[in-house]
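Reader: I am a first-year student and would be grateful for a close look at how helices pack against each other in this model. Please explain the terms as they arise.

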Amino acid sequence: MRVPLQLQQTNGRQLAGQLSGPLRHFLATESGSALVLVVATAVALLWANSPWSAGYTATWETAASVQLGTIGMEMSLGHWISDGLMVLFFFVIGLEVRRDLAIGELTDRSRVVLPLLAGFAGMLVPAVLYLLIAPSGAAAAGWGVVIGTDTAFLLGTLALVGPTISTQLRVFLLTLTVVDDIVAVSVIGVFYAHSIDAVAIAVALAGVAALALLARLGVWRTWPYVLATLLVWLATIASGVHASIAGMVCGLLIPAFAPRREVVKDAAVRFRAFRQSPLPEVGRSARDAVARAVSVNERMQLVLHPWTGYVVVPLFALANAGVDLRGGALVDALSSPLTWAVVVGLVVGKFLGIGGGALVGARLRLGRLPQGVGPGQVLGGAALSGIGFTVSLLIIGLAFDSAQLRAEATIGVLLSLVIATALGWVTFQIAARWHGETSAGLPTVLSRPIDPARDHILGPVDAPLTLVEYADFECPFCAKATGVAREVREHYGDRLRYVFRHLTLPEVHPHAELAAAAAEAAAAQGKFWEMNGMLFAHADELELQDLAGYAGQLGLDVEDFLRDIDEQRHATRIREDVASAEASGARGTPTFFIGSQRHIGPWDAQSLIEALDAVEVPDPVRRP
């Protein structure tokens, strides 16, 4: 069911709440850092074209060393940034990819096919176009310049020129940049490496093995991973391979996992103990328990991501975007095949590669475009992907020894930034005006009205306030939410009706569909709410024999109960609930609706009460 566009409009708070917490944080940091990146680029250009331009070059060529006894390392400031600080940037990318593969947007492999196809096409087509324009000579070495996309600039620019609501499109673009980042770093490490030192490579591989072993053993403290990563970084620098590949590989090996129920419960117990006995040793125990509940991956991201977004990448832009355009340099660049190879590769190549790869893949039914995202919006996102910047500037420094070639390629990257932004804006405008693609976000309105003859309802069916919950009986957080919903019902009394609907997630909760069938089989005998409470109380014991035992405890006809489950008498109803959740923008459990509007944000009792208090006009009850 397609929700009308006008019903999909939402405010900024709802916009952010459509995504998971870690992804929301990632997108917010990337978008916010884009402005800092623009300022750093402008400062670099002004500095390089000012009377103090000699100081610009001299600053980044200044030698700096770190010394510990007889052991030390010396590099220019520019190299410290590209070989040192930028490793953090790629390390954070690796962390994000690992998290998405383990518990994030990439866990649903069916949604990954189109972004993967678009990502690969978005690198192959630009490289081919580049080599068609600059097929030989020193310029040919720069083909890697056009394969990368700058995620920060992409998301920041999308916020400026894209649809007002663009969460689904942003997730799609972020997913395809995963492929982009992995391949781009591999290209840097393999094709732009210097002479290889076999001993250093062996040491780096030993560090990688140590990281894998730490993850396998379930080590939860951060410092062992930090030490192993430092070893890999130092060995990679000594090996002749660019250190960016060390950052990406190490990030990919840092484990990520969803909070486990028993670990969270242990943390809560220790925290309560500290509240009762605020002693140092009890506090340390509580702190360690909380740390165990959150993966090393997410703890590292929380610390490093703002630094890479607001310091590392802008500092890299400041050191590399400064091109002296005086003395005819700009005119020379505009007549250079190298400059236009970069421009055509990034702007045209990304537009055709990503846009064509995604749309052709969707037409061939290799995958589906994200819900709420239209073909024109995909093309708009593909156009903005022509902003290479960070990775492009890094490869320029590795691909060209000539200062003139570096300047021509850098001007091409800067021109691409402007042209790709303009092309993206035009494409989004056409998509909105001619095809009605004004929003690229998840729906926020309940797709199927409440039906007292069908829905499971607690409270008066004509109550002025409505709280709808989509839940999964095997979800540990839904079990907690049952207590929250009870508290909310007690607060409002007869002024509230509470509605329960199924949103089974079998890919993460293998017993969810069986438990939902048991609840409906109990409902057929008039005991839905009793079974509902029993299932949530035993969310980790949902085998068929367990369900039969619960039915016996509730006084149900067990044979008829099991026959209902075996014959899947209620499978259609459960699928209809799941379909309505999908059409309403619910992606996880628990998801609440206040009246007909999806609740965004925390779902503790106080937050839900505040949201319900804000409702002025109650939803009408649809009579059977």
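Author: A crossing of two helices is called right-handed if the near helix is turned clockwise from the far one by less than a right angle, and left-handed if it is turned anticlockwise. The model discussed here is a predicted one. In general, two packed helices are described by the angle between their axes and the distance between those axes.

Let us begin with helix 5, residues 113–133, and helix 15, residues 337–363, whose axes come within 7 Å and cross at roughly 150 degrees. Angles over 145 degrees count as roughly antiparallel, and helix 5 is therefore roughly antiparallel to helix 15. The crossing of this pair is right-handed. The residues in the contact of helix 5 with helix 15 comprise 21 nonpolar, 6 polar and 1 charged.

The second pair is helix 4 and helix 9, whose axes come within 12 Å and cross at roughly 140 degrees. Angles that are neither roughly parallel, roughly antiparallel nor roughly perpendicular count as oblique, and helix 4 and helix 9 are therefore oblique to each other. Helix 4 passes helix 9 in a crossing that is right-handed. On the side of helix 4 the contact is made by W80, D83, G84, V87 and F91, and on the side of helix 9 by T229, W233 and I237. Sorted by class, the contact of helix 4 with helix 9 has 5 nonpolar, 2 polar and 1 charged residues.

Helix 4 and helix 9 also lead to another feature of the model, the second largest pocket, since each of them supplies at least two residues of its lining. This pocket has a volume of about 1,100 Å³. Of the 36 residues that line the second largest pocket, E61, A319, N320, G397 and R406 are the closest to its centre. Other elements that each supply at least two lining residues include helix 3 (53–61), strand 2 (71–76), helix 13 (296–320), helix 17 (390–399) and helix 18 (403–435). By class, the lining of the second largest pocket has 17 nonpolar, 14 polar and 5 charged residues.

Helix 17 brings us to the backbone, for F389 lies in the loop between helix 16 (375–384) and helix 17. Most residues other than glycine have a negative phi, and most peptide bonds are trans. The phi of F389, however, is positive, near 45 degrees. Elsewhere, the peptide bond from T589 to P590 is cis, with omega near -5 degrees. P590 is placed in the loop between helix 24 (571–583) and strand 6 (591–594).

Notes: Residues are numbered from 1 along each chain as its sequence is written. This is a predicted model: local features need pLDDT of at least 70, side-chain atom pairs count only at pLDDT 80 or more; totals for chains, interfaces and linings use all residues. Side-chain values use heavy atoms; hydrogens and water are left out. On a 1 Å grid over the protein atoms alone, a cavity is a set of points where a 1.4 Å probe fits but cannot get out, and a pocket is an open set with protein on both sides within 12 Å along at least five of seven lines; lining residues have an atom within 4 Å of a point. Grid points are joined across faces, edges and corners, and a volume is the space filled by probe spheres set on the points. Helices (H or I, at least four residues) and strands (E, at least two) are DSSP runs, numbered from the N terminus. Ala, Val, Leu, Ile, Met, Phe, Trp, Tyr, Cys and Pro count as nonpolar, Asp, Glu, Lys and Arg as charged, and the others, Gly among them, as polar. Axes are lines fitted to C-alpha atoms, for helices over the stretch in contact, and angles run from 0 to 180 degrees between N-to-C directions. Angles under 35 degrees count as roughly parallel, over 145 as roughly antiparallel, 65 to 115 as roughly perpendicular and the rest as oblique. Contact means heavy atoms within 4.5 Å.
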